[in-house]
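User: I'm new to reading structures and would like a close look at one residue and its surroundings. Could you pick one, walk me through it, and then show me how the rest of the chain fits around it?

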Amino acid sequence: MKAIKNTDEMATLLQSENENWRQVIYNQTGVVVILNRCSGFLFSKCGYIDLDSDSDYCFQNGVDHTSYTEITCISELVEYIKSMDGYKNYLCDISYGKFTKAELFWNIFARIICPEINQIRADSSKEQDWGLFSIGYYDGHVELNMALVDYDSAQFWIDINEETEINSALSELVNQMNAVTKDIDDVPQYILCENEPCYVPDDYTSLLEQLSSEGLFCWLAN
């Protein structure tokens with residue numbers, strides 16, 4: 001997978017073709033494209049990945065990707081996105097049986113990461129200690145790509161089958177998260193808030209709201 005060499009110029013180029021280029025791309029991929037000065041992200045209702053995530057993988061695994069590609073129009077970017085392994089593995093929704101990947105993603109925030117009880121530290125300060133990037137599949141397990149803020153990234157693997165209830169999957173994840181932080185005084189042991197309501201942003205407008213100043217992913221758009 002070739003890396004894109006003109007990321008910093010791409011927004012201006014696509015804007016000149018169609019001022020609603022983000023909406024056009026979303027309609028064909030289910031992904032909101034976020035372009036910053038020298039980087040880019042792809043954001044869907046199932047999470048987000050770097051625009052260059054596939055080329056990063058090539059670099060880390062010794063695959064030659066020194067010949068860069070240049071995106072010159074909307075259709076080329078749509079084709080590029082759809083050809084990415086990361087798009088298919090992380091950004092596209094699937095059903096696990098009793099819930100979908102998107103429902104799992106947003107319930108992790110609603111019932112584990114965001115409840116205030118899980119953000120109060122011993123000194124009474126309030127912090128969101130965990131972040132969630134994306135959800136994939138690895139070696140028969142559902143793979144959760146997360147990060148413990150101020151510490152390091154972390155991957156968790158949970159078992160889900162067609163009979164698994166969502167709170168059962170969330171409980172397994174909480175136990176693994178707490179095992180990581182049991183010896184870190186600054187981070188509280190999390191509990192599962194089973195009855196917290198969860199909203200899944202499943203259209204272009206609602207995803208943009210999550211990127212706004214009041215959204216969970218406001219920092220992605222900065």
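Analyst: Let's begin with R22, which is in contact with V33, L35 and Y204 once its neighbours within four places in sequence are left aside. Please keep in mind that this is a predicted model. R22 sits in helix α2, which covers residues 21-29. Is R22 buried, exposed or something in between? Its relative accessibility is 28%, and because that falls between the cut-offs of 20% and 50%, R22 counts as partly exposed. You can also compare sequence with space here: R22 and I74 are 52 residues apart along the chain, while their C-alpha atoms are 9.0 Å apart.

Now let's set a second residue beside R22. F99 is found in the loop that links α5 (85-91) and α6 (101-113). With a relative accessible area of 3%, F99 is under the 20% cut-off and therefore buried. Which residues does F99 touch, beyond its neighbours within four places in sequence? They are L104, I160, T164, E165, I166 and A169. For T164, the C-alpha atom is 8.6 Å from that of F99, although 65 residues separate the two along the chain.

Two of those contacts, I166 and A169, lead us into helix α7, where both are among the buried residues. The others that are buried in this helix are L170, L173, V174, M177, N178 and T181. Helix α7 runs over residues 166-181, which makes 16 residues. From first C-alpha to last it reaches 23 Å, close to the expected 22 Å. What covers its buried residues? The cover includes α6 and the strands β4, β5 (141-148) and β6 (152-158).

Strand β4 brings us to Y138, which lies in it. Y138 has a relative accessible area of 49%; this is below the 50% cut-off, so Y138 is partly exposed. Leaving aside neighbours within four places in sequence, Y138 is in contact with E143 and W157. Not every pair of residues far apart in sequence meets in space: the C-alpha atoms of Y138 and L51, with their positions 87 residues apart, are 21 Å apart.

The loop between α6 and β4 (130-138) holds another residue to look at, S124. Its relative accessible area is 58%, over the 50% cut-off, so S124 is exposed. Most residues other than glycine have a negative phi. The phi of S124, however, is near 75°, a positive value in a residue that is not glycine.

Finally, let's step back to the whole chain. It has eight helices and six strands, in the order α-α-β-β-β-α-α-α-α-β-β-β-α-α from the N terminus. Its radius of gyration is 18 Å, close to the 17 Å that the globule rule gives for 222 residues, so the chain is as compact as a globular protein of that length. The C-alpha atoms fill a box of roughly 50 × 35 × 35 Å along the principal axes. Buried residues make up 47% of the 222. Among contacts with a separation of 6 or more, 61% join residues at least 24 positions apart. On the outside, the accessible surface comes to about 11700 Å², with 45% of it belonging to carbon and sulfur atoms. The chain carries 13 positive and 37 negative charges, and the mean positions of the two sets are 3 Å apart.

Key:
Residues are numbered from 1 along each chain as its sequence is written. This is a predicted model: local features need pLDDT of at least 70, side-chain atom pairs count only at pLDDT 80 or more; totals for chains, interfaces and linings use all residues. Side-chain values use heavy atoms; hydrogens and water are left out. Helices (H or I, at least four residues) and strands (E, at least two) are DSSP runs, numbered from the N terminus. Buried means under 20% relative accessible area, exposed over 50%, partly exposed in between (1.4 Å probe, protein chains only). Contact means heavy atoms within 4.5 Å. The expected span of a helix is 1.5 Å times one less than its number of residues. The radius of gyration is taken over C-alpha atoms; the globule rule is 2.2 Å times the number of residues to the power 0.38. Accessible areas come from the Shrake-Rupley method with a 1.4 Å probe; for residues, only the protein chains shown count as cover. Lys and Arg count as positive and Asp and Glu as negative; His and the chain ends are not counted. The place of a charge is taken as NZ of Lys, CZ of Arg, CG of Asp or CD of Glu.
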